[in-house]
Amino acid sequence: MLHKFLSTLAVGLALMIGSVHGHSWIACTDYLEENGADWNPDLCRAFPRDGHRFVPKTGLFGRDTGYDYHPNENTPCKTMPSATAYNKEHPMAVYYPGQKIILAHPTKNHVADVRCTNKFIPDNLNKIYRSGKLDTPQPTKDPKLSEFRSNQVFDLGISPFGNEISDERTRTYPKTGFQNAPKFCDNPDKALATYTMILPAMSPGRYTFMWAWGFNSVQDLYSTCWEVDIVASKAARDQVLRDREPSTSDPDGEGTVTPAIPVTPGRRSTVAANAVDGMWNTWGSWQTCSRPCGGGIQRRIRRCNNPQPRNNGAPCVGSRVETRACNTQECSPTSMTDIVLTEKWNTGSNGHINLQTPRPSGDWRVVVRFPCSAERINFWNAIEDGRIPSETRQLGEYWLIQPEPWMQDKAYIGFSAEFPSCIGELEESNIVTEIQLL
């Protein structure tokens, strides 16, 4: 009887969880891999406005830097246009009519995939708008939000979500809309997601583009803005790119990058005398183990930038990601849960509540007590138990249940939360987790 009650409760609560605070942003305005799975900064040819401050090429993809933004009528963009909005490493986009354009953004836990979240994560609007042609190469202010929305460039669609969607559909990629992230479950907070659009006919000139994402509803908007030089043809676009020395290739229909002049890996093209082959840089540090015990995974990456390929030089050969097993020791049988903070920023944290095996028999829930109540919190692989007293929740305690079979197969419960009032106290040693039998 209790399981039936919990299953019924799951639908309603999952819909409520779908109304949590969302956040994301565009990190690259001209990416070179359609339906890409792993972020590669060397494949980004152009950046959004003030990208060097908020989404630096050498930074951690998906790290919260305050770039997510709710637009309003008079201030539709996070920052104002300026002469310092772009630099050599973070250049402005240049497009031509008919170009296939890939936009990259972090998922920030906002994907409906039953393997690691649930089918109720919403996605209600994904559109690209533009200004009119700018009168000056260096604008000092943006149009109003309503002016942007009167000039739609492309409708990127929405991702499937909701109770009527099959489990299989949630874990099938590619997807339309925000949630097109083939490796979402590898890193729900910082997985790469991409959009694909074909630029319609536009008069050459400089414009400001605005990405608008409606999370909970079409009114719950987030925006990212960037300037674009529209040129008449691919040849004109390629000339601009050659001056910058990035690739002039574009993604083909299979989601890969097709070289403009075919080259053999490991050998320079005979066409370009000044071609530079790519070489791998040293491996980065191993990332934090995914589990404290019971067998986890560590990843490390390397970049093809020592040097990066130029002038149709050969790309690096081999994988940019390496994994290894870690923390393979058995978990203590007396501890049913433990918590790991996987990332911490100046106002909040992401983390995992690891569930040890064997699990208790019968009905049970996970209780987690933080040093204070979260301003915003989102859980995946579990939902909040609606029977918790409001005064208990206000003290920073949360009750979590796993009424769906797919949830019960997960090794951990994930969370992403904002704790501005007690971030200094937010340490693993100050967070209590336990199993309560019902």
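Which residue in strand 17 does Arg369 stand opposite? Select Arg369 and look across to strand 17: the residue there is Glu397.

Before going on, note that this is a predicted model, in which local features need pLDDT of at least 70, side-chain atom pairs count only at pLDDT 80 or more, and totals for chains, interfaces and linings use all residues. Residues are numbered from 1 along each chain as its sequence is written, and side-chain values use heavy atoms, with hydrogens and water left out.

**The four-stranded sheet**

Now select residues 364–369 and 397–401. These are strand 14 and strand 17, which pair in the antiparallel sense over four bridges. Strands here are DSSP runs of E with at least two residues, numbered from the N terminus, and two of them pair if DSSP finds at least two bridges between them. Add 383–384 and 432–437 to the selection: strand 16 and strand 19 are the edge strands, and each pairs on one side only. The four strands form an open antiparallel sheet in the order 16-17-14-19.

Stay here and select Arg365 and Trp399. Arg365 lies over the face of Trp399, at 3.7 Å from the ring centre. The criterion is that NZ of Lys or CZ of Arg is within 6 Å of the ring centre and within 35 degrees of the ring normal.

**The aromatic pairs**

Next, show the rings of Phe, Tyr and Trp. The structure holds 13 aromatic pairs. Rings pair if their centres lie within 6.5 Å, using the six-membered ring of Trp; planes under 30 degrees apart count as stacked, over 60 as edge-to-face and the rest as tilted.

Select Phe209 and Trp226. Their ring centres are 6.1 Å apart and their planes are at 55 degrees, so the pair is tilted. This pair links distant parts of the chain, with Phe209 in strand 6 (residues 205–214) and Trp226 in strand 7 (residues 221–230), 17 residues apart.

Move to Trp213 and Tyr222, a tilted pair at 5.5 Å centre to centre with 35 degrees between the planes. Are these two buried or exposed? Trp213 is buried at 0% relative accessibility, and Tyr222 is buried at 1%. Buried means under 20% relative accessible area, with a 1.4 Å probe and protein chains only. Extend the selection to Phe178, Trp211 and Phe215, which form one aromatic cluster with Trp213 and Tyr222.

**Strands 2 and 5**

Last, select residues 192–198. Five of the seven residues of this strand 5 are buried, so strand 5 is largely enclosed by the rest of the structure. Add residues 100–106, strand 2, which pairs with strand 5 in the antiparallel sense over seven bridges. Within this pairing, find Ala104, which stands opposite Thr194 in strand 5.

Conventions:
Buried < 20%, exposed > 50% of the residue type's maximum accessible area, 1.4 Å probe, protein only.
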